[in-house]
Amino acid sequence: MFVNQEAHSAFRPRLRPFVLAAACLACAEALACAQMPNASSANNPFWGSVTVRPATDETLRLSLDEAVQMGLKNNLGLKEAENGEKSVHGQRNEALQQFLPTISVSGSTGLYQHNLAAQGFGPGVFAKFSSMFPGGKMPAGISLITRDDLTEGKIHFSQTLFSGPVIAGWRAAGAAQRAAYFSRMSARGEVVQQVATAYLHAIAAASEVDNASALVSEGQTLLEHAHAAHEAGVASNLDELRARVQLQAQQQALIYAQNAFEKSLILLKRETGIDPGQKIILTDPAPYSDLATQTPEEVRALAYRSRQDYQNLQNQVVEYKAVHSAYRSQRLPSLSFNSFYAASTVNGAGTHGNFVAMGTLSVPLFREARLRGNEDASQAQLDAVNSQLNDLRNHIDEQVRAALLDVGATAQLVKVAHSNVELATRALSDESDRVNAGLDDNLPLVTAQAMLASAQSNAVESLYQYNLSKLVLARASRPAAVCPQLISSASLTCLSPRKIWPFTRRILPVNIPDCISE
């Protein structure tokens with residue numbers, strides 16, 4: 001027995017720094033999460049939403065699919081993209097009107113007074129027409145100021161028959177509308193990724209709370225046992241102090257974890273349009289399933305076919321080509337037709353009609369400086385979009401390769417973390433048996449407990465990073481609608497503490513020897 005005490009004395013100095021370092025590291029990580037700045041829709045509109053209903057006293061049960069659907073309905077960034085698409089659709093209708101005839105009807109009635117002298121019909125002019133009147137004299141009473149009432153109705157018609165800029169503008173408007181559509185679809189994918197990431201982060205934070213709560217409960221049990229052993233005289237006061245310090249460190253970690261969890265829920269509510277005061281419960285656990293092996297070339301080809309931002313830039317290239325063509329076609333002649341028909345009546349003396357039918361051929365002769373300036377500016381914009389498209393192709397290749405590497409690495413981390421949890425659980429079980437048998441004090445038990453806590457936290461973080469990497473891979477390669485299914489349809493083989501903790505709690509309690517319980 002004396003030899004065992006020597007071994008304990010030699011083992012104790014090596015373990016104490018590890019225990020303190022593990023406790024400080026856990027507190028520092030939790031503090032860093034708790035002090036992370038809140039996301040603001042002023043920096044990113046996808047972090048905001050439109051709140052559609054006030055908070056109620058009932059607790060809202062929220063699944064991952066429901067959160068994504070609410071985000072697609074209420075997210076601020078998506079609403080801005082939808083409004084942008086509507087604006088472009090309106091501009092396309094304006095461009096369409098250039099091809100359609102313009103018909104308008106107008107009518108007017110009024111009393112008019114005319115000064116004939118001011119219009120060139122003075123007394124001298126009237127004298128020239130005096131011979132036309134009886135007696136060769138102007139009738140008496142003719143006034144140079146006349147008054148009459150005029151009622152008139154007109155119908156106007158105009159249409160552009162040919163115009164190069166109008167045709168090119170219509171093509172540009174069509175390409176702009178397609179680009180706006182793909183921009184909106186890309187925004188939907190961004191909403192799916194943002195909401196799913198916030199949901200998975202909240203699940204991980206909830207798992208950390210479960211972890212910390214379980215450790216607090218186990219630390220309380222360990223303190224009670226150490227106190228009972230100290231009161232019975234079979235353990236030193238140092239064992240009780242060590243258990244109390246360990247319990248308080250675990251209580252601090254629980255406070256930090258609860259704060260981080262509540263803040264993650266606030267961000268999730270903000271992105272989905274739920275009132276910040278509404279109580280919610282996350283119903284989906286963290287999923288885990290392996291992905292089928294794919295080569296970077298296969299995923300990249302899928303991304304080129306499916307990614308909306310890539311198709312958006314392709315349509316922007318078409319749009320700017322059409323704009324450039326519109327400026328070049330300003331040198332071409334344009335042909336238009338204008339006409340109107342009017343029916344007028346003066347002083348109730350009867351109605352007479354008049355009309356105009358006129359075709360206009362406009363040929364630009366010289367405005368070369370302006371035309372060349374417009375062409376150069378539009379060509380520069382086209383070159384810039386082509387450069388962005390080429391860069392996006394390389395960026396997609398980079399994203400796909402990086403996402404595949406992240407998925408592979410995080411999948412291995414999940415397996416290693418699961419193995420570490422099992423090993424730490426076995427080590428804690430063995431150490432519990434040694435303490436129950438009186439072969440060790442509670443220092444190795446506290447150390448084993450800290451090792452299990454670290455392993456469980458790593459398992460939660462690894463699972464979160466793995467699901468996040470799958471989401472990033474889906475965002476980099478697949479349409480927006482595929483992203484939620486990639487997470488929610490996976491087999492729910494969960495490494496969450498909700499499934500690990502119950503087994504752990506059955507091992508941790510240390511039985512009090514009969515001499516103490518008596």
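Is R401 buried, partly exposed or exposed? Hold that thought for a moment, everyone, and thanks for coming.

A quick word before we look around: this is a predicted model. Today I'd like to talk about salt bridges, and then about one helix.

Back to the opening question. R401 has a relative accessibility of 34%, so it counts as partly exposed. Its partner is D397: the two form a salt bridge, and their closest N and O atoms are 2.8 Å apart. D397 has a relative accessibility of 17%. The cut-off for buried is under 20%, so D397 counts as buried. If you look for the pair on the screen, you'll find both residues in helix α9, 4 residues apart, which is about one turn of the helix. Why does that spacing suit a pair like this? An α-helix has 3.6 residues a turn, so residues three or four places apart point the same way.

This pair also has company. E297, R300, D397 and R401 are linked in a network of salt bridges.

How many salt bridges does the structure hold? The count is 7, and I'd like to show you two others.

Let's go to helix α6, residues 237–272. Here the side chains of R244 and E240 meet in a salt bridge, at 3.3 Å from N to O. These two residues are 4 apart in the helix, so about one helical turn separates them. R244 counts as partly exposed, because its relative accessibility is 35%. E240, at 8%, counts as buried.

Now for a pair with another kind of spacing. The side chains of E375 and R331 meet in a salt bridge, with 2.3 Å from N to O. This one links distant parts of the chain: E375 sits in helix α9, while R331 sits in the loop between α8 and β5, and their positions lie 44 residues apart in the numbering. E375 is buried, with a relative accessible area of 14%. R331 is partly exposed, at 32% relative accessibility.

Finally, let's turn to helix α7, which runs over residues 296–306. Which of its residues are buried? They are V299, A303, Y304 and S306. And what covers them? The cover includes α8 (308–328), α9 (368–436) and α10 (443–477). So that you can place α9 on the screen, remember that D397 and R401 both lie in that helix, and so does E375.

That's my tour, and I'm happy to go back to any of these spots with you.

Conventions:
Residues are numbered from 1 along each chain as its sequence is written. This is a predicted model: local features need pLDDT of at least 70, side-chain atom pairs count only at pLDDT 80 or more; totals for chains, interfaces and linings use all residues. Side-chain values use heavy atoms; hydrogens and water are left out. Buried means under 20% relative accessible area, exposed over 50%, partly exposed in between (1.4 Å probe, protein chains only). Contact means heavy atoms within 4.5 Å. A salt bridge is a side-chain nitrogen of Lys or Arg within 4 Å of a carboxyl oxygen of Asp or Glu.
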